[in-house]
Amino acid sequence: VPFAGWTLPLHYGQGHLQSHLHTRRHCSLFDVSHMLQTLVYGRDRVRFMESLVVGDIAELKPGQGTLTLLTNEKGGITDDLIVTNTSEDHLYVVSNAACADKDLAILRDRAAQLQATGSDVHVEVSDNALLALQGPSMARVLQAGLSDDLAKLSFMNSITTTVFGVPGCRVTRCGYTGEDGVEISVPAARAVELAEQLLGVPDVWLAGLAARDSLRLEAGLCLYGNDIDETVTPAEAGLMWTLGKRRRVAMDFPGAAVIMAQVKEKPRRKRVGLTAWTGAGQAMLTSPYPHIPGTVTSGCPSPCLGKNIAMGYVEAAHSRTGTKLTVEVRKKHHPAVITKMPFVPTQYYMAK
């Protein structure tokens with residue numbers, strides 16, 4: 001199917017349901033090379049990145065990463081991305097494919113502005129491929145091809161290492177499924193070789209966009225362009241945890257005044273989870289309990305729970321967990337209840 005200018009597989013051989021459940025029970029390999037990978041060099045790279053995002057990049061230890069948000073002057077979310085402070089001499093940034101052109105323009109424009117004032121910062125695009133291995137048996141599968149000890153690698157941390165004989169791979173313990181997993185940035189010329197090595201293990205299946213979407217929704221994770229965009233603020237999206245404490249005080253990121261005012265006054269709407277509804281996404285919310293205006297932004301049948309799940313936005317006054325409402329789908333009303341996310345417990349790995 002078309003996706004952000006790429007042609008991507010919805011699923012491989014096995015159906016969506018089987019692929020989803022296999023990822024939860026074993027592990028699956030996702031080709032996510034469509035995502036933008038950039039490297040930021042220079043002694044002012046942290047100051048540069050903090051002028052664009054809400055996170056505390058300066059506090060990241062070598063090898064540590066964080067989910068953060070690019071924001072605009074109105075407090076809207078331009079993109080969500082992962083920034084890692086590598087043990088080498090650069091920041092490693094992964095952005096959404098749908099935002100690749102926009103993000104790259106923002107990064108390059110800001111770098112040019114700072115360079116014009118004497119700052120030392122330089123942005124490069126990585127041509128590496130990106131493979132995600134996700135699921136409870138990931139560690140066993142990957143450890144067989146590593147000399148490094150995966151047990152020492154915590155969630156949101158990364159190392160540069162050799163993976164199944166392929167040198168120069170960045171292995172980051174993260175992913176988009178809610179399971180323990182890694183994303184492997186691998187030199188493009190050897191990506192197929194590495195994928196074939198991983199797929200040589202019977203436990204590993206290839207998985208496509210369909211499973212990726214249902215897995216991330218069960219984990220309560222946002223899809224940019226659906227659940228968050230430039231009209232949504234971190235406060236509305238329930239993503240204020242991405243704002244570093246120091247950054248909140250300094251208010252030195254784009255849209256800080258708008259975002260912090262919402263924190264003080266409480267946002268008018270909030271992102272919530274919904275269960276036990278029927279139909280496709282983008283439905284309107286209505287309710288006799290009383291009327292609750294809102295919009296469903298993502299939805300699908302949950303393979304693990306056996307019922308429909310969704311997320312969307314409702315007025316903050318009606319966002320309490322357990323609130324009953326109805327979802328209007330094709331002019332028909334279906335009962336739903338606001339449910340705490342994640343819908344399925346996450347299994348992120350924290351080293352002891």
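This is a chat about the domains, salt bridges, cysteines and one buried serine of a predicted model.

Biologist: Before we start, what kind of model is this, and how are the residues numbered?
Modeller: This is a predicted model, in which local features need pLDDT of at least 70 and side-chain atom pairs count only at pLDDT 80 or more, while totals for chains, interfaces and linings use all residues. Residues are numbered from 1 along each chain as its sequence is written, and side-chain values use heavy atoms, with hydrogens and water left out.

Biologist: OK, which domains is the protein chain divided into?
Modeller: There is domain 1, covering 2–216, and domain 2, covering 268–341; these bounds come from an automatic or database domain assignment. Taken over C-alpha atoms, the centres of the two domains are separated by 31 Å. Seven residues from domain 1 and five residues from domain 2 take part in the contact, where contact means heavy atoms within 4.5 Å.

Biologist: How much area do they bury between them?
Modeller: Domain 1 and domain 2 bury about 480 Å², with 69% of it on carbon and sulfur atoms; buried area here is the accessible area (1.4 Å probe) that two parts lose on being put together, summed over both. On the domain 1 side, His20, Ser214 and Arg216 lose the most area to domain 2, together 57% of what that side buries.

Biologist: And which elements of domain 1 touch domain 2?
Modeller: Those giving two or more residues are α1 (16–25) and α6 (209–218), and α1 gives the most, with five residues. Helices (H or I, at least four residues) and strands (E, at least two) are DSSP runs, numbered from the N terminus.

Biologist: How many salt bridges and polar contacts cross that interface?
Modeller: The rule finds zero salt bridges across the interface of domain 1 and domain 2, a salt bridge being a side-chain nitrogen of Lys or Arg within 4 Å of a carboxyl oxygen of Asp or Glu. It does find one residue pair in polar contact, with both residues at pLDDT 80 or more. A polar contact is a pair of N or O atoms within 3.5 Å; within protein, one must be able to donate a hydrogen and the other to accept it, and residues adjacent in sequence count only if both atoms are side-chain atoms.

Biologist: What is the salt bridge count by this rule, then?
Modeller: The count comes to 14 salt bridges. One of them joins the side chains of Asp120 and Arg43 at 3.5 Å, N to O, and this pair links distant parts of the chain, 77 residues apart, with Asp120 in the loop between α3 (100–116) and β8 and Arg43 in the loop between β4 (36–41) and α2 (45–50).

Biologist: Is Arg43 buried or exposed?
Modeller: Arg43 counts as exposed at 65% relative accessibility, whereas Asp120 is partly exposed at 31%. Buried means under 20% relative accessible area, exposed over 50%, and partly exposed in between (1.4 Å probe, protein chains only).

Biologist: Which salt bridge has buried partners?
Modeller: Arg173 forms one with Asp180, the closest N and O atoms being 2.8 Å apart, and both of these residues are buried. In another, Asp252 and Arg247 have their closest N and O atoms 3.0 Å apart; there Asp252 is partly exposed at 39%, but Arg247 is buried at 0%. Salt bridges that share partners also join Arg24, Glu179 and Glu218 into one network.

Biologist: Changing topic: how many disulfides are there?
Modeller: A search of the whole structure finds zero disulfides, a disulfide being a pair of cysteine sulfur atoms within 2.5 Å.

Biologist: Why does Cys222 have no bond?
Modeller: Because the closest cysteine sulfur, in Cys99, lies 13 Å from the sulfur of Cys222, which is too far for a bond. Cys300 is in no disulfide either, with the nearest cysteine sulfur, that of Cys304, 10 Å away. Cys222 counts as buried at 10% relative accessibility, and Cys300 is buried at 11%.

Biologist: Last one, where is Ser185?
Modeller: Ser185 is in strand β12 (residues 181–186) and is buried, with a relative accessible area of 2%. Its side chain makes a polar contact of 3.0 Å with the side chain of Asn128, which is in the loop between β8 (122–125) and β9 (129–134). Ser185 and Leu130 are 55 residues apart in sequence, yet 4.6 Å apart in space, C-alpha to C-alpha.
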